[in-house]
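Here are my notes on the model you asked me to look over. Keep the viewer open while you read, and find each residue as it comes up.

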Amino acid sequence: MAVSLGRVAVATAFHWLARSLLLHSSQHPALGLLLPAAVFLAIIAATGRGTNAPPPPGPAAVPVFGNWLQVGNDLNHRFLARLSARYGAVFRLRLGVRNLVVVSDPRLASEVLHTQGVEFGSRPRNVVFDIFTARGNDMVFTEYGDHWRRMRRVMTPPFFTARVVQQHRAMWEAEMDAAVADIAGDDAARTAGFVVRRRLQLMLYNIMYGMMFDARFGSVDDPMFVEATRLNSERSRLAQSFDYNYGDFIPVLRPFLRGYLHKCKDLQARRLAFFNDNYVEKRRKAMDAHAPGDDDKKSKLRCAIDHVLQEAKLGGYTIPKGSKVVVNAWWLANNPELWEKPEEFRPERFMGEEKAVDATVGGKVDFRFMPFGVGRRSCPGIILALPILALIVGKLVRSFEMVPPPGVDKLDVTEKGGQFSLHIAKHSVIAFHPVSSA
Ligand code: HEM
């Protein structure tokens, strides 16, 4: 039980941070770090020319609305899994002007993410992502091409290498130890229990801000931390919501989205001002001081994006040009035909019947289990995320027995899905009983 609670809390905090740490990229790409937590959907835009093969099957569509009136807004992973039982491992929904192609089979997922990784290597945009990502100009949402390649190249040395991990390890450990000490010193955490998420969030912010800006926040009440998290969570809420789908799917309805889009633009302007004024400018000056004469490189990084336009076929079907192709990674990891009792939280499975499975970037990939995605657009942050998760979970489990608070015997781990991630709906109160160290 202790392990499972720890995992839930840490994974939740990490995903939250991953979603919320978006910094703008147009100023300096190395600072345009966007951390998605697409744990159940890998979203890939496909391009392709027509061929003789038919488009994938799907429910009959009506003019203008397509299938939108039948399926609605909430295109969550469970709903898409139910549709795959009816329409097959690859099926299509027409959502107004958009085509959504859903892949629910490991072999086809490997086609999309690996074998045909170039054809499927771009990400779809929508009216809200465009506002938050400078029209898809950040690293995560940019189309597959030169701009993306340069962004990956620029961001890899300062963030995504084993050397960086080694370099910052002492700082990480200090932040983790500070979190453990705070929890241990908190009487309420021991007795009534508390929501640990906020403290872990502070730890993760300090780790990331330490690496990006050489900055840290003093406590969960630090006004800068409160403001940074408030701006980020508001962005996350607006971007993840399904509420704006109608205006994205059906352009004639877009005028009705004006209020929503205005809110997004206003928030984005305030977020950028906050991050630029307080962090990015200072960091840029420090970097400029270390890299004089780098102007040519900087201007190239902002150049136009090229677009991969190649034919895309999948499972004997033609994928219409510009489709959004969703690999339902949640279903691949939860399909009882592929796993023994997937609904059971039984990590031992990875030491037993599933011991060959691992979340890796290279090496042998199992297309049933892709928490960090696979292939060209897979998560470069895995090199940081795995050691951070392992260390903090280890430290928490070694220091505390984590139990439900008095009067509660089961935690509510109900999920909540969004446009690109799955998280826990309600953050649970957990009691932390210190264990005496051996
Ligand atoms: C538990 C933590 C994390 C999880 C589960 C996670 C998961 C993912 C997933 C599923 C994707 C999309 C993969 C695809 O489309 O195939 C992704 C992309 C990405 N992640 Fe993470 N991530 C995590 C942490 C991080 C961290 C710590 C960073 C950076 C410090 C990071 C940076 C990125 C970036 C930049 C991309 C976009 C890559 C591209 O499009 O080329 N992630 N992540």
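The points below go from the whole chain to helix packing and then to single residues.

1. Ground rules. This is a predicted model, so local features are described only where pLDDT is at least 70 and side-chain atom pairs count only at pLDDT 80 or more, while totals for chains, interfaces and linings use all residues. Residue numbers start from 1 along each chain, following the sequence as written.

2. The whole chain. You'll find 15 helices and ten strands here; these are DSSP runs numbered from the N terminus, with H or I over at least four residues for a helix and E over at least two for a strand. Of the 438 residues in the chain, 39% are buried. A residue is called buried if 20 or more other C-beta atoms lie within 10 Å of its own, exposed if 12 or fewer do, and partly exposed in between, with the C-beta atoms placed from the backbone. Now for contacts: two residues are in contact if their C-beta atoms, placed from the backbone, lie within 7 Å. Taking the contacts with a separation of 6 or more, 76% are between residues 24 or more positions apart.

3. α7 against α9. How do helix α7 and helix α9 pack? Helix α7 (residues 162-184) meets helix α9 (residues 197-213) at an angle of about 160°, and their axes are 10 Å apart. That angle makes the two helices roughly antiparallel. The axes are lines fitted to C-alpha atoms, for helices over the stretch in contact, and the angles run from 0 to 180 degrees between N-to-C directions. Under 35 degrees counts as roughly parallel, over 145 as roughly antiparallel, 65 to 115 as roughly perpendicular, and the rest as oblique. The crossing of α7 and α9 is right-handed, meaning that the near helix is turned clockwise from the far one by less than a right angle (anticlockwise would be left-handed). On the α7 side, the contact includes W172 and M176, and on the α9 side it includes L200 and M203. By class, this contact has nine nonpolar, three polar and three charged residues. Here Ala, Val, Leu, Ile, Met, Phe, Trp, Tyr, Cys and Pro count as nonpolar, Asp, Glu, Lys and Arg as charged, and the others, Gly among them, as polar.

4. α7 against α15. Helix α7 also packs on helix α15 (residues 382-399), where the axes come within 10 Å and cross at roughly 30°. These two helices are therefore roughly parallel, and their crossing is right-handed. Look for W172 and M176 again, as they are among the α7 residues that meet α15, whose own side includes P387, L391 and K395. The contact of α7 with α15 divides into 13 nonpolar, one polar and two charged residues.

5. R169, also in α7. R169 belongs to helix α7 and is partly exposed, with 13 other C-beta atoms within 10 Å. R169 and P387 are 218 residues apart in sequence, yet their C-alpha atoms are 9.4 Å apart in space.

6. The two sides of α3. Which residues of helix α3 (residues 77-87) are buried? They are H77, L80 and L83. Looking down the axis of α3, the buried residues fall within an arc of 120°, so they line one face of the helix; the arc is that of the directions from the helix axis to the C-beta atoms. R82, A85 and R86 are exposed on the other side of α3. Right after α3 comes G88, with a positive phi near 110°.

7. F91 and its neighbours. F91 sits in strand β2 (residues 90-95) and counts as buried, with 22 C-beta neighbours inside 10 Å. Leaving out residues up to four places away in sequence, F91 touches P56, P57, G58, L83, S84 and V102. L83 is one of the buried residues of α3.

8. Two positive phi values. Most residues other than glycine have a negative phi. V64, in the loop between β1 (41-45) and α2 (68-71), has a positive phi near 65°. D214, in the loop between α9 and α10 (223-240), has a positive phi near 55°. V64 is partly exposed, with 14 C-beta neighbours inside 10 Å, whereas D214 is exposed, with 12 other C-beta atoms within 10 Å.
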